[in-house]
Amino acid sequence: MQQCNFVVKDVLKPLTFFRQACQLFYRSDPLKIVRGQGQYMFDEEGTRYLDCINNVAHVGHCHPEVVRAGALQMATISTNNRFLHDELVQCAQTLTSKMPEPLSVCFFVNSGSEANDLALRLARNFTKRQDVITLDHAYHGHLQAVMEVSPYKFNQPGGEKKPDYVHVAPCPDIYGGQFTDKMYPNADLGALYAQPIEEICQRQLAKGQGVAAFIAESLQSCGGQILPPAGYFRAVYDAVRSSGGLCIADEVQVGFGRVGSHYWAFETQNVVPDIVCVAKPMGNGHPVGAVVTTQEIAQAFHATGVAYFNTYGGNPVSCAIANAVMRVIDQEGLQQNALQLGDYLLRECGHLKQEFECIGDVRGVGLFVGIELVEEREGRTPDTKAARWVVNRMKQLHQVLVSSDGPNDNVIKLKPPMCFSRENADEFLLAFRECLATLTQDKLAKEVATVAATTNSTTHGVIASTAETLANKTKLFERQDRLIKSV
Ligand code: PMP
């Protein structure tokens with residue numbers, strides 16, 4: 001095992017040097033990770049954790065081919081992109097070959113925030129407009145211009161006020177959003193959710209201002225693993241383009257084959273954006289990103305004479321790493337793996353939903369899955385506490401790392417490294433099942449106690465039968481516990 005200098009309790013002390021600048025997972029009992037391999041992370045005591053949340057370690061933590069490519073290039077030459085280099089050319093070529101026409105020009109950056117920031121600049125320059133439409137709950141990065149289009153941040157109590165030139169449209173969440181499949185069972189939800197954007201565009205046109213851009217994740221992750229309804233992006237893109245704006249797809253989380261059926265998530269909606277932003281998985285943990293756009297938009301930017309320069313964007317090391325990542329995705333059939341395992345996970349989570357009332361919705365595509373926990377199904381009341389409890393128990397009892405998100409923080413998120421196996425899926429499912437069972441058991445126990453406290457002797461029959469159900473469930477859970485321990 002790798003030598004480590006601090007045990008967790010010692011790490012908490014030096015944390016005072018950066019506590020305000022870092023948002024830890026599992027804040028009350030943080031993990032100190034010393035090593036990663038494939039879909040696993042290891043803490044300083046050598047405990048193995050199954051990583052179901054790390055979409056950055058796309059092809060697996062410390063993939064040997066990616067590590068080798070980076071180390072070799074670092075030992076050969078690393079410089080800025082004022083010099084031509086094979087890895088740079090190769091990276092641009094491979095990336096654009098994965099994109100539909102006419103997306104054929106790459107700008108290299110170092111992060112998702114930088115990619116989205118540059119995308120907004122490109123759009124504003126091309127359209128000579130300023131207004132941007134974004135989706136509620138969206139997050140597009142930490143730089144000033146992208147924070148302005150990130151309601152996930154600016155809607156927090158201490159967040160900066162949204163500028164007037166930013167317009168927020170509803171998140172196309174058909175389970176818990178403004179228009180749900182329950183409220184409008186026979187409606188075209190794609191059209192319903194596109195309508196507010198059409199209205200913004202019309203208002204902007206009437207003011208003589210139009211729109212510079214519409215920016216959205218192709219599948220909204222921070223919004224709670226949201227799959228927009230069919231036809232949504234097509235209708236939105238039509239509206240935005242008819243008001244003179246460009247369409248930006250933020251693929252920072254969901255690109256590079258994660259959805260299984262396609263390489264890019266926007267392809268699931270059969271649209272072609274004007275600008276695509278990629279990062280996180282592209283470097284498998286190394287900071288690299290890119291903006292891919294059309295010749296026309298790139299040319300207009302170039303024509304300003306304000307040259308684009310980014311010291312580290314497109315350096316040979318980052319490009320060598322990105323090239324290795326894209327090679328591994330293809331060589332190891334990881335997109336296909338995402339498709340098969342995603343289907344399996346969704347099917348099995350669907351079975352859990354039949355069994356456990358606390359699951360309100362299971363949704364996803366490929367290795368991008370969301371499980372929404374509710375207090376009761378009928379009202380779809382979010383159960384934030386349950387989600388947090390599950391996240392912690394999964395880590396503490398089962399050493400399985402999952403996270404929760406969404407406006408009510410009640411959606412369990414899965415976006416594991418793409419080398420996730422069937423055995424890993426089963427390990428997750430078994431652990432998750434135990435959590436749901438315990439949650440249900442606790443809930444039942446509380447209900448029995450409440451009934452006992454509030455009823456008179458004539459209702460003892462009800463209590464007795466509830467107690468019997470509870471006893472039966474307890475036996476079942478004990479069997480599960482034994483099963484889990486034997487795995
Ligand atoms: N866009 C999306 C959808 C993201 O999830 C993130 C990061 N969570 C970003 C942009 C910003 O990326 P980075 O942290 O690499 O700047």
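These legends go with a view of the whole chain and close-ups of one helix in a predicted model.

**View 1. The whole protein chain, with its 14 helices and 15 strands.** Helices (H or I, at least four residues) and strands (E, at least two) are DSSP runs, numbered from the N terminus. The radius of gyration (over C-alpha atoms) is 24 Å, close to the 23 Å from the globule rule (2.2 Å times the number of residues to the power 0.38), so the chain is as compact as a globular protein of 487 residues. Along its principal axes, the C-alpha trace spans about 85 × 60 × 45 Å.

**View 2. Helix α12, end to end.** This helix covers residues 384–396, 13 in total. At 1.5 Å times one less than its number of residues, α12 should span 18 Å, and its end C-alpha atoms sit 19 Å apart, which agrees.

**View 3. The buried face of α12.** Here A386, A387, V390, V391, M394 and K395 are buried (under 20% relative accessible area, 1.4 Å probe, protein chains only). Looking down the axis of α12, they fall within an arc of 165° (directions from the helix axis to the C-beta atoms), so they line one face of the helix. An α-helix has 3.6 residues a turn, so residues three or four places apart point the same way.

**View 4. What α12 packs against.** Its buried residues pack against β3 (48–51), β12 (369–373), β13 (400–401), β14 (403–405), β15 (411–414) and α13 (422–454).

Residues are numbered from 1 along each chain as its sequence is written, and side-chain values use heavy atoms, leaving out hydrogens and water. Local features need pLDDT of at least 70 and side-chain atom pairs count only at pLDDT 80 or more, while totals for chains, interfaces and linings use all residues.

Technical notes
Buried < 20%, exposed > 50% of the residue type's maximum accessible area, 1.4 Å probe, protein only. Contact = heavy atoms within 4.5 Å.
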